Amino acid sequence: MSNTRMNIGKMVFYEDKNFQGRSYECSSDCTDMTSYLSRCQSCRVENGCFMVYDRNNYMGNQYFIRRGDYPDYMRNFGMSDCIKSCHMIPMHRGNYRMRIYERENFGGQMHEMMDDCDSIMDRYRMSDCQSCNVMDGHWLMYEQNHFRGRMMYMRPGECKNFSSSIGMGGMRAMRFMSMRRIMDSWY
C-alpha cells in the first residue's frame, strides 16, 4: 500500500445503531449528511481521523473519532442528536506549534506550545485561553483539564476569538483548559 493511500481517511456511516440500515461511505468532508442518509446513528472509521458534528456545516458540538467502530456513538459520546456533518483531519508529519493567548485578539499572556498540555493553569498559570494561532499541526482543545469535556478542532491559522468562531455554535461560553496534538500514530 502506498504512503499516499494510507493518508486517505475513510468512514462509513449507518442510519441505525450497530451498523444497520442504509450506509454512506465518506472519504472527504461532508457538510450535510442528510443528503445521503435520513439519520446517522453509528459509524465505522476504517482509516484516518475525523471530527463529527451534531449540526450541518460543521456547527454545534464536535467529537473526535479515529480508526475504530462506533456502534452507538450517541450513547458513547453523550450526543443528543445524530451526526449531521463531518470533517476529515489531514495527517500531519513534522513539528507541532501553537501560541495560546489569555484574551481574545491575541491579548494578555501568550505561551507557545509544542506538545500536549493537560492543564494551562498548572503549566502556565493561565485561567483562560480565548484566542490562538496554530502555526504547525492539528490540535484538539478541551474545556476541562486532562483532555476532558467538550472539544474543538484547531487547524493551522489564527483564531482571534473562540466565542465567535465559525463552528462553535452553542459553545459561546466555553473556556479551553487543555490542548492535545492530533498525532500520526492515531491514524
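**Exercise 1. The two faces of strand β5**

Work out which residues of β5 lie on each side of the strand, and decide whether those sides are covered or open.

*Solution.* Start with a general point: in a regular strand the side chains alternate between the two faces of the sheet. In this predicted model, Ser 85, His 87 and Ile 89 of β5 point to one side, while Cys 86 and Met 88 point to the other. The next step is to check burial, and here the residues on both sides turn out to be buried, which leaves both faces of β5 covered. Counting along the strand gives 5 buried residues out of the 5 in β5 (residues 85–89), so the strand is largely enclosed by the rest of the structure. Finally, look for a partner: β3 pairs with β5 in the antiparallel sense over 5 bridges, and Met 51 is the residue that stands opposite His 87.

**Exercise 2. The surroundings of Ile 100**

Find the strand that holds Ile 100, state whether this residue is buried or exposed, and list what Ile 100 touches.

*Solution.* Ile 100 belongs to strand β6, which covers residues 97–103. Its relative accessibility is 0%, and because buried means under 20%, Ile 100 counts as buried. When residues up to four places away in sequence are left out, the contacts of Ile 100 include Met 110, Met 113, Ile 120, Tyr 124, Cys 132 and Met 179. Take Ile 120 as an example: it is 20 residues from Ile 100 along the chain, and the C-alpha atoms of the two are separated by 9.5 Å.

**Exercise 3. Salt bridges between distant parts of the chain**

The structure holds 14 salt bridges; for the bridges of Asp 72, Asp 69 and Arg 175, identify the partner and explain which parts of the chain are tied together.

*Solution.* Begin with Asp 72, which forms a salt bridge with Lys 17, the closest N and O atoms being 4.0 Å apart. Asp 72 lies in the loop between β4 (59–70) and α2 (73–77), and Lys 17 in the loop between β1 (10–16) and β2 (20–26), so this pair ties together parts that are 55 residues apart in sequence. Asp 72 is buried at 13% relative accessible area, whereas Lys 17, at 39%, is partly exposed.

Continue with Asp 69, whose partner is Arg 44, with 2.8 Å between the closest N and O atoms. Here both residues sit in strands, Asp 69 in β4 and Arg 44 in β3 (residues 42–55), so the bridge connects parts that are 25 residues apart in sequence. Asp 69 is partly exposed at 46%, and Arg 44 is partly exposed at 24%.

End with Arg 175, which meets Asp 128 in a salt bridge of 3.8 Å, N to O. Arg 175 is in the loop between β11 (157–159) and β12 (178–181) and Asp 128 in the loop between α3 (120–124) and β8 (131–136), so parts 47 residues apart in sequence are tied together. Arg 175 is partly exposed at 40%, while Asp 128 is buried at 14%. Elsewhere, salt bridges with shared partners join Arg 97, Arg 99, Glu 112 and Asp 136 into one network.

**Exercise 4. Reading a domain record**

Find the residues that UniProt lists for "domain: Beta/gamma crystallin 'Greek key'", and describe the span 9–47 in the model.

*Solution.* The unreviewed UniProt entry lists residues 9–47, 48–90 and 137–183 under this name. In the model, residues 9–47 are 0% helix and 51% strand, and the end C-alpha atoms of this span lie 5 Å apart.

Methods:
Residues are numbered from 1 along each chain as its sequence is written. This is a predicted model: local features need pLDDT of at least 70, side-chain atom pairs count only at pLDDT 80 or more; totals for chains, interfaces and linings use all residues. Side-chain values use heavy atoms; hydrogens and water are left out. A salt bridge is a side-chain nitrogen of Lys or Arg within 4 Å of a carboxyl oxygen of Asp or Glu. Helices (H or I, at least four residues) and strands (E, at least two) are DSSP runs, numbered from the N terminus. Buried means under 20% relative accessible area, exposed over 50%, partly exposed in between (1.4 Å probe, protein chains only). UniProt positions are given in the numbering used here, feature names are shortened, and annotations may be inferred rather than shown by experiment. Contact means heavy atoms within 4.5 Å. Two strands pair if DSSP finds at least two bridges between them.
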